[in-house]
Amino acid sequence: ADQEDLQYQAVDVRYGLSRAYLDACQERFDLQTHYFSPLRFLRLPEPELSSTGDSPPNLQFIGRMEKCKGPDLFVEMAWWLPSESYGQALMVGPHVRGVRGVGSRRCLQELVQRRRLQNRVSLLPAADRTELRRLFASRAITVLPSRFDSLNLVALESLFSGCPPANGSGAGVCRFLEDVFPDVPFIKIDVNDWESSLPEIEETLANYGEYRGRLVEAVRSASPEVEGPELEEIYQSVSTRADSVSCEMDARYSRWMNGLRHGQLPARESWRAAGKRIIRARTSPDIRQRFRDLHPSAVTTNAKAGLRSQLGGSSWRGRVQAGMVLSRCPSLLNVYRRLERLGERTERELELKAESCGELLLGLRADRVRLWRELARIEALRGNSLIAVTYRLRAMRLAGGDPYGDLPDVLAVLEQHGYAQEAATADALFGLYSKRDERQRQLLQGAYETHRHCLEQPYEFVDDRRASREVKASVIVSLYHAADKLPKFLRAMSLQTLFAAGKAELILIDSGSPAGEYAVFRRMADELLLPVV
């Protein structure tokens with residue numbers, strides 16, 4: 001990104017196909033830009049009506065499978081839409097490899113499998129011109145939920161071919177269509193709230209023939225005005241660039257070229273460049289793409305994960321962990337020595353000693369019972385008796401009992417601070433072994449009897465918006481610091497088929513949250529019409 005910014009400032013002339021992109025650049029760099037309208041070079045196809053039929057239309061994503069273009073959102077939308085509303089979901093385009101070496105094909109296949117869409121979603125290679133025309137002429141909606149795209153020419157080609165497009169709000173094509181073709185309908189997907197566009201897409205699928213007919217008529221009758229200069233005029237304009245940045249780029253280029261002339265290119269870079277030339281000369285693009293999808297870093301990561309899973313259930317796990325502990329013994333022994341030498345006369349010394357114990361607990365998988373009890377002793381010296389009890393309970397849980405006889409003191413401190421139920425539970429878990437089963441059974445039975453009775457406690461307020469109590473399912477949600485998440489959650493619930501059919505209800509419980517969820521709920525309740533209390 002830094003190199004792109006430097007190049008943008010150093011060039012003589014800047015122009016772009018998207019006003020949205022140019023405006024974003026203008027906000028960052030106060031340099032003259034020129035708008036080169038796509039209508040200057042695009043040959044608009046003749047829009048066509050699709051073949052008639054009773055089969056539901058397809059969804060199609062066309063473009064590179066990189067995250068900024070939203071292929072993952074396309075899969076999510078295919079999962080959220082009712083299965084009977086569309087035929088197939090086609091993903092057409094080349095795959096890319098991420099910075100960690102994992103290919104987009106693998107990520108999308110895993111997402112498709114998690115959503116159980118293997119029979120609905122097809123990952124297809126890039127299409128040629130003839131295949132694209134066939135896709136745009138078919139009964140389909142081109143769904144392109146771009147998070148960011150300077151323009152997106154695929155969306156324009158789909159639109160002008162008569163194929164209804166659904167474009168992500170992050171693409172510059174949305175502004176282009178709104179400015180130049182205001183009467184031509186298209187679906188705009190808010191990528192920050194893409195669920196809200198699903199009803200419009202579903203309605204378009206249900207009335208596909210009518211929608212496509214209106215779209216074709218609007219495209220045929222449109223008379224757009226071509227704005228901006230010709231390309232020749234742009235290149236003849238006065239040069240405007242940041243001179244300081246241009247000098248820096250010239251200096252970098254000179255240093256790079258001098259390094260090439262004198263053989264100062266790092267050996268690693270030389271071998272890498274030579275390897276790339278050999279691979280390009282001896283392999284096909286398809287083989288290279290498969291190799292990228294199986295990048296060594298991804299293979300290494302998968303091998304490590306597989307090794308961990310294999311060791312997790314074998315007798316070698318303890319040996320490996322012991323080996324890791326032994327390999328770190330020298331540094332941990334130094335921490336032990338420092339811990340023993342620390343004094344306990346002042347608050348600061350006690351704090352340092354507690355921190356040293358914490359370091360050992362984080363870095364050592366042995367001697368943890370003794371370290372928990374040492375932490376408890378330090379906290380007791382600091383006057384934090386309840387925290388000390390917590391550490392002693394951890395030591396008991398790890399040891400499976402009370403081998404050091406700490407339980408009487410623990411029970412006394414818990415009862416002193418009003419934790420009678422917790423004290424009874426600790427006594428049942430770590431008390432006399434002969435009485436543990438009976439005490440634990442009594443605790444569970446008491447809890448069972450208590451929760452069978454409905455406690456009549458008045459709520460502060462009840463806002464009941466349920467028309468009927470005859471439902472199949474109730475969704476109960478406890479709200480705390482959820483005001484920013486609540487709008488998306490409520491919209492997602494409104495799209496569920498059970499809620500749409502009036503066979504489910506939503507129960508929201510305000511758990512004393514300071515975030516103002518009720519105000520958000522009231523603002524959206526009338527819009528969504530959910531059966532909610």
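Q: Which residues is Thr-204 in contact with, leaving aside its neighbours within four places in sequence?
A: In this predicted model, Thr-204 lies in helix α8, residues 198-206. Its relative accessibility is 4%, so Thr-204 counts as buried. Leaving aside neighbours within four places in sequence, its contacts are Ile-141, Ile-187 and Tyr-211.

Q: How many of the residues of β6 are buried?
A: Let's take the strand face by face. On one side Ala-140, Thr-142 and Leu-144 are buried, and on the other side Ile-141 and Val-143 are buried too. In a regular strand the side chains alternate between the two faces of the sheet. Strand β6 is largely enclosed by the rest of the structure, because the number of its residues that are buried is five of the five.

Q: In which sense do β3 and β6 pair, parallel or antiparallel?
A: One position to look at is Asn-58, which stands opposite Ala-140 in β6. Strands β3 and β6 are joined over three bridges, and the sense of their pairing is parallel.

Q: What is the bridge partner of Thr-142 in β7?
A: Strand β7 covers residues 165-168 and pairs with β6 in the parallel sense over three bridges. Within β7, the bridge partner of Thr-142 is Pro-165.

Q: How far apart in space are Leu-90 and Leu-59, C-alpha to C-alpha?
A: Leu-90 has its place in strand β4, residues 89-92. With residues up to four places away in sequence not counted, Leu-90 touches Leu-59, and also Asn-58, Gln-60, Phe-61, Phe-74, Ser-122, Leu-124 and Leu-135. Leu-90 has a relative accessible area of 15%, so it is buried. Leu-90 and Leu-59 are 31 residues apart in sequence, and their C-alpha distance is 6.2 Å.

Q: Why is the pair of Tyr-15 and Phe-36 edge-to-face?
A: This is one of the twelve aromatic pairs that the structure holds. The ring centres are 6.2 Å apart, and the pair of Tyr-15 and Phe-36 is edge-to-face because the planes are at 85°.

Q: Which of the two, Tyr-15 or Phe-36, is buried?
A: Tyr-15 is in strand β1 and Phe-36 in the loop between β2 and β3, 21 residues apart, so to speak of the pair is to link distant parts of the chain. At 34% relative accessibility, Tyr-15 counts as partly exposed. With a relative accessible area of 8%, the buried residue is Phe-36.

Q: What is the angle between the planes of Phe-61 and Phe-74?
A: Phe-61 lies in strand β3 and Phe-74 in helix α3, so their pair ties together parts 13 residues apart in sequence. Phe-61 counts as buried at 1% relative accessibility, and Phe-74 counts as buried at 1% as well. The rings are 5.8 Å apart centre to centre, and the pair is tilted, with an angle between the planes of 50°.

Q: Which residues do ring pairs link into a cluster with Tyr-15 and Phe-36?
A: Tyr-15 and Phe-36 form a ring pair with their centres 6.2 Å apart. The cluster that ring pairs build around them also takes in Phe-41 and Tyr-235.

Q: Over which ring does the charged end of Arg-120 sit?
A: The structure has charges lying over rings, and Arg-115 is one of them, over the face of Trp-79 at 4.3 Å from the ring centre. For Arg-120, the distance from the charged end to the ring centre is 4.4 Å, and the ring is that of Tyr-86.

Q: What is the phi of Asn-152?
A: Most residues other than glycine have a negative phi. Arg-116, in the loop between α4 and β5, has a positive phi near 55°, and at 74% relative accessibility Arg-116 counts as exposed. Asn-152 lies in the loop between β6 and α6 and is buried, with a relative accessible area of 10%. Although Asn-152 is not a glycine, its phi is positive, at about 85°.

Q: How far does helix α17 reach from its first C-alpha to its last?
A: Helix α17 spans residues 347-363, and its buried residues include Leu-350, Cys-357 and Leu-361. With 17 residues, the expected reach at 1.5 Å a residue is 24 Å, and the model comes close to that, at 25 Å.

Key
Residues are numbered from 1 along each chain as its sequence is written. This is a predicted model: local features need pLDDT of at least 70, side-chain atom pairs count only at pLDDT 80 or more; totals for chains, interfaces and linings use all residues. Side-chain values use heavy atoms; hydrogens and water are left out. Helices (H or I, at least four residues) and strands (E, at least two) are DSSP runs, numbered from the N terminus. The expected span of a helix is 1.5 Å times one less than its number of residues. Buried means under 20% relative accessible area, exposed over 50%, partly exposed in between (1.4 Å probe, protein chains only). Rings of Phe, Tyr and Trp (its six-membered ring) pair if their centres lie within 6.5 Å; planes under 30 degrees apart count as stacked, over 60 as edge-to-face and the rest as tilted. A charge sits over a ring if NZ of Lys or CZ of Arg is within 6 Å of the ring centre and within 35 degrees of the ring normal. Contact means heavy atoms within 4.5 Å. Two strands pair if DSSP finds at least two bridges between them.
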